[in-house]
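Reader: Hi! I am new to reading protein models, and I would like a close look at one part. Could you take me through a sheet, and then whatever else helps me find my way around?

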Amino acid sequence: MKPDIHSFDCIILGAGGAGLNAALQLSTAQLRVAVVSKVFPTRSHTVAAQGGVNAALANVTPDNWHWHMFDTVKGSDYLGDQDAIEFMCREAIPTVYELEHAGVPFSRLEDGRIYQRPFGGQSQNFGGEQAARTCAAADRTGHAILHTLYQQNLRNKTRFFDEYFALDLLRAEDGSINGVVALCIADGSSVVLHAKSVLIATGGCGQVFRTTSNARINTGDGMAMALRAGVPLQDMEFFQFHPTGIAGKGMLITEGARGEGGYLINGEGERFMPRYAPNAKDLASRDVVARAIVTEVKEGRGCGPRKDHVLLKLDHVEESIIASRLPGIRESSRIFAGVDPAFEPIPVYPTAHYVMGGIPTDRLGRVVIPDGEGERPVEGLYAAGEVACASVHGANRLGGNSLLDILVFGRVAGKEIIQRSQQQPHPAPLDQAQVDQALGRLEKWRRKDPGVSVGDLCERFRKAMEDHAGVFRTDEVMSEGLEQLKALREELETARLTDHSSTFNTARIEALELENMIDVGFAIAASALARQESRGAHSRPDYPKRDDQNWARHTLYFRDGDRLDYKPIRTQPLSVESFPPKERVY
């Protein structure tokens with residue numbers, strides 16, 4: 001059956017914080033905008049963000065955007081682009097106030113101002129005293145922001161395609177992106193969405209690892225769509241393992257727990273973080289804390305019968321503070337760890353959490369690709385949020401900067417799309433061959449001959465990623481992992497479904513997601529094997545030092561031939577002096 005065609009000014013893929021903030025800019029400007037989401041919008045992964053959003057409001061400690069910028073550049077291990085970082089840190093303040101005016105119920109200080117808590121890697125005066133910069137709504141900040149943005153979009157009559165799975169981008173004859181083909185999960189029908197612009201805001205890809213804090217929906221769909229469209233992925237080797245996931249489960253325990261006074265101890269009852277970060281201690285950068293925990297366990301100082309985790313102590317913090325500022329953490333700990341943190345410590349271990357890389361963009365949200373000695377925008381294509389890489393996180397993201405990233409760049413991408421839409425009266429004509437090619441992704445999964453199970457293949461893939469691209473990486477381990485991935489990619493061609501129904505065929509969705517995850521997993525593994533240094537979240541015992549002479553550059557992975565390329569870091573900020581690389585200590 002021929003798919004229906006719908007026309008809009010802009011299609012937004014993903015209904016998390018980035019997608020909804022962009023949609024709000026567009027719908028407020030009276031543009032016809034459609035948001036495509038494979039889950040109901042308030043189930044998007046932004047809802048899981050706990051600790052808060054960074055902005056130098058100076059409500060609790062002295063602060064300014066320039067100090068925030070320094071901390072972000074340092075946190076990135078000097079791989080972040082300093083013009084984009086300056087832009088994000090300056091835009092943080094009006095972005096948070098705009099959210100407050102939209103109705104986000106931030107926690108308050110006694111004088112009514114927004115409450116801000118300390119988070120890792122934050123400082124006053126360019127590396128001085130600990131700063132309190134993270135604006136919080138208890139420990140459910142993402143939940144509060146997502147629901148507010150969704151309600152505001154409903155008010156402005158944004159069109160939603162809920163429970164639709166985006167298959168592929170459409171490209172016009174002039175090379176611009178002019179639409180998307182999507183699959184309705186409810187009945188199996190297809191739809192063509194034709195538009196002047198497409199914004200990819202599909203979130204991260206944490207499900208490529210077996211133990212993860214990410215929702216089941218985080219399968220890297222937007223990244224894989226970009227790869228199939230010929231767009232590279234940038235800096236995918238830099239994957240953050242959050243130091244405090246519930247041991248053996250992976251559910252997130254926010255950094256805000258340490259911001260409120262919690263600290264880590266090993267099996268000997270020792271508070272071990274001062275050994276690794278003498279100044280910042282438990283509020284060191286996430287990569288530093290994660291490596292410290294893994295080291296403690298590897299050296300035999302873990303907790304429990306298997307000595308395979310450490311403990312996060314909160315029982316010295318007043319119960320009233322835990323009840324008011326960490327209610328979700330208390331509930332999660334009770335359900336998944338069987339402990340009440342007000343009275344006993346939480347067993348924790350690093351969990352796959354956040355990808356610093358993604359679809360390369362400039363600071364206006366435009367997707368960019370190499371062009372000679374420089375780069376050029378892909379006409380009509382934008383990306384924002386965790387799926388994108390404006391390179392504000394570099395080699396390691398600071399806590400509180402992820403919500404900031406999605407909100408700032410979703411907002412600015414929306415404004416940029418408005419300008420482009422005003423200059424272009426109609427979308428470029430559809431190319432039927434492109435539509436047919438996108439629908440062809442479904443044909444493979446209609447075959448009924450015998451083949452390997454998708455579920456079995458998925459589990460083996462995720463285990464291979466966890467075993468060979470985890471917190472510590474070596475040439476031998478990663479080379480073996482890449483060979484396993486190649487074999488799994490070949491085996492994917494023989495995978496088959498046993499369920500061929502049309503109505504809510506979740507097995508088919510999982511098969512399409514596995515295709516996406518394997519492409520993204522290759523980007524991570526190939527990029528990591530090539531980078532022969534330790535920087536931020538990319539830790540190589542065989543190359544233990546940061547190598548600015550050879551590796552102060554961004555990685556670009558192309559799906560065609562698993563090819564790698566590189567581009568320089570932008571070290572020149574917009575209005576202040578550059579922060580030159582130096583040793584990163586906490």
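Which order do the strands of the open sheet of 3 strands have?

Author: Happy to help! A word on the ground rules: this is a predicted model, where local features need pLDDT of at least 70, side-chain atom pairs count only at pLDDT 80 or more, and totals for chains, interfaces and linings use all residues. Residues are numbered from 1 along each chain as its sequence is written, and side-chain values use heavy atoms, with hydrogens and water left out.

Now to your sheet. The order is S3-S5-S4, and the pairing is antiparallel. Strands (E, at least two residues) and helices (H or I, at least four) are DSSP runs numbered from the N terminus, and two strands pair if DSSP finds at least two bridges between them. Strand S3 (53–54) and strand S4 (116–123) are the edge strands, each pairing on one side only. S4 is joined to strand S5 (residues 130–135) by 4 bridges, and Arg 117 has Thr 134 in S5 as its bridge partner. Helix H2 (residues 65–75) packs on this sheet and touches S3, S4 and S5; contact means heavy atoms within 4.5 Å. The direction of H2 makes about 50° with that of S4, where axes are lines fitted to C-alpha atoms, for helices over the stretch in contact, and angles run from 0 to 180 degrees between N-to-C directions.

For another antiparallel pair, look at strand S16 (residues 366–371) and strand S17 (residues 374–383), paired over 5 bridges. Ile 369 stands opposite Arg 376 in S17. This hairpin has 2 residues between its strands, and Gly 372 takes a positive phi near 65° there.

Next, the rings. The structure holds 13 aromatic pairs. Rings of Phe, Tyr and Trp (its six-membered ring) pair if their centres lie within 6.5 Å; planes under 30 degrees apart count as stacked, over 60 as edge-to-face and the rest as tilted. Tyr 150 and Phe 160 are edge-to-face because their planes stand at 70°, with the centres 5.2 Å apart. Tyr 150 belongs to helix H4 (residues 141–155) and Phe 160 to strand S6 (residues 159–162). Both Tyr 150 and Phe 160 are buried, a word for under 20% relative accessible area, with exposed over 50% and partly exposed in between (1.4 Å probe, protein chains only). Phe 239 and Phe 241 make a tilted pair, 6.0 Å centre to centre with 55° between the planes. Phe 239 is buried at 0% relative accessible area, and Phe 241 counts as buried at 10%.
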